[in-house]
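Welcome! Take a look at the sequence and the 3D view, and then let us walk through them together, from the whole chain down to single residues.

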Amino acid sequence: MTTTKAKVVYSPVFTDGAEFRIPTFKLLKQDGSLYKGAKAPDLDKDKALRIYRAMVTTRILDERMLAAQRQGRLSFYMQCTGEEAAVIGSTAALDDADMIMAQYREQGSLVYRGFTIDEFMNQLFGNELDYGKGRQMPVHYGSAKLNYMTISSPLATQIPQATGYAYGQKLKGEGHCTITYFGEGAASEGDFHAALNMAAVHRVPVIFLCRNNGYAISTPAAEQFAADGVAPRAYGYKMDVIRVDGNDILAMHEATKAARSLAVEHNRPVLIEAMSYRLAAHSSSDDPSGYRSKDEEAVWREKDPILRMRLWLESKKWWTEDDEKQLQETMRREVLETMKRAQKRPPPALDTLVSDVYDEVPPALAEQFDSLKAHIRRHPDAYPKSAEHAKGTVKEGGLR
């Protein structure tokens, strides 16, 4: 059975979906001017500058931390470079109480919501102030106070989780939604399809935002799917969908603002496909020169979303060359100074390896932990950061 009344035909008729050509929503040209016929967004100066500062801060943080990884000061890093508009423009259109479930390239969302450079550094270096207590890889951020669910490494797991969380928001009826970010590569996972189907059937307030940046690590989009991108898949679930120029900060903000209205006011899930490009490597472990050309990258560098917004701000007399110089100098200094402080902080206490999971540490885990501490005491030179913590003991039933 289908949910709609189908037209009846009397000879075989096949369709391949080619008729579903989805347009791309744009507002802002690369020179900072609006397209002819485009309506200026309702974005005041204070919010526009908050968005721009978040974009620049994210770019500077990414540049400095990749350099730190190359110097051996950090084990791993992933950049948002080139995708700042897709991430920050959409986050800015949400209510700060809306839940964000990110993939691993959405640090700009945290910057916009007020995550401090200190908080970033504590997580990246896994020191005693890290909210995750050193248990996660770098860039696996999380913040309960900023409604940003802690990132997990497995690809696409956050997508069905977002549907479930949004269902809870619907039941509570407090007017909030969930947004989940993922790349077009993650859209090839089964979790993507399960999540969209559940969201459409149960009509939950969730926004699925696909950052189509052209590559799933080294696999180009053309080798991932034969259809017209990810957006047409929404039709299979009778879901609202829009494709947006992901490097256009104004279009991203307006599209997400409209999507949030559909989600919160009408319990209609929405799929947004943001067309962008990953200017950096997939991660610090990747070398993109093996699968794409410098000429291709150069074309997209000309479409830099940060420069595009800066030119728009300058056209409105909201930003100057002096403002730019001051912001760049201030943020570069803050990132470097904060990184030095974070590196000097001690690691989390050793007992955090087994705390927080159970109300009381189970006897078997306590026994394993005692064995670990004994091992460290026997080889303190091999574990200099943990040797001091290894002096205590764990008693059956809990930490002592």
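## Overall form

This is a predicted model. For 400 residues, a compact globule would have a radius of gyration near 21 Å, and the chain agrees with that at 23 Å. Measured out along its principal axes, the C-alpha trace spans about 80 × 60 × 45 Å.

As you trace the chain, you will come across eleven helices and eleven strands. Among the contacts with a separation of 6 or more, 74% join residues that are 24 or more positions apart.

## Surface and charge

How much of the chain is buried? Of its 400 residues, 48% are buried. The area that the chain exposes comes to about 19700 Å², and 52% of this is supplied by carbon and sulfur atoms.

The chain carries 53 positive and 54 negative charges. Take the mean position of each set, and the two points turn out to be 1 Å apart.

## The nonpolar cores

Now for the inside. The largest nonpolar core has 68 residues, and those with the most contacts inside it are I51, M65, M121, Y141, M309, W312 and L313. Helix 1, which runs over residues 45-70, gives this core its largest share, eleven residues.

W312 is a good residue to click on. Apart from its neighbours within four places in sequence, W312 is in contact with L28, G32, L43, A48, L250 and W318. There is also a second, separate core of 25 residues, and M99, A195, V206 and V230 are among its members.

## A buried glutamate

Next, find E273 in strand 9, which covers residues 270-275. Is E273 buried or exposed? Its relative accessibility is 0%, so E273 counts as buried.

Which residues is E273 in contact with, once its neighbours within four places in sequence are set aside? They are C210, N212, G229, V230, A231, I242, R243 and V244. One of them, V230, also belongs to the second core.

## A glycine in a loop

For the last stop, move to G132, in the loop between helix 4 (117-125) and strand 3 (148-149). G132 counts as partly exposed because its relative accessibility is 27%.

You can pair G132 with G108 to compare sequence and space: the two are 24 residues apart in sequence, and their C-alpha atoms are 19 Å apart.

Terms used: Residues numbered from 1 in each chain as written. Predicted model: local features only at pLDDT ≥ 70, side-chain atom pairs only at ≥ 80, totals over all residues. Heavy atoms only, no water. Helix = DSSP H or I, 4+ residues; strand = E, 2+ residues; numbered from the N terminus. Rg over C-alpha atoms; globule rule 2.2 N^0.38 Å. Buried < 20%, exposed > 50% of the residue type's maximum accessible area, 1.4 Å probe, protein only. Contact = heavy atoms within 4.5 Å. Areas by Shrake-Rupley, 256 points an atom, 1.4 Å probe, with all protein chains shown as cover. Lys, Arg positive; Asp, Glu negative; His and termini not counted. Charge placed at Lys NZ, Arg CZ, Asp CG, Glu CD. Core = buried A, V, L, I, M, F, W, Y, C linked by side-chain atoms within 4.5 Å.
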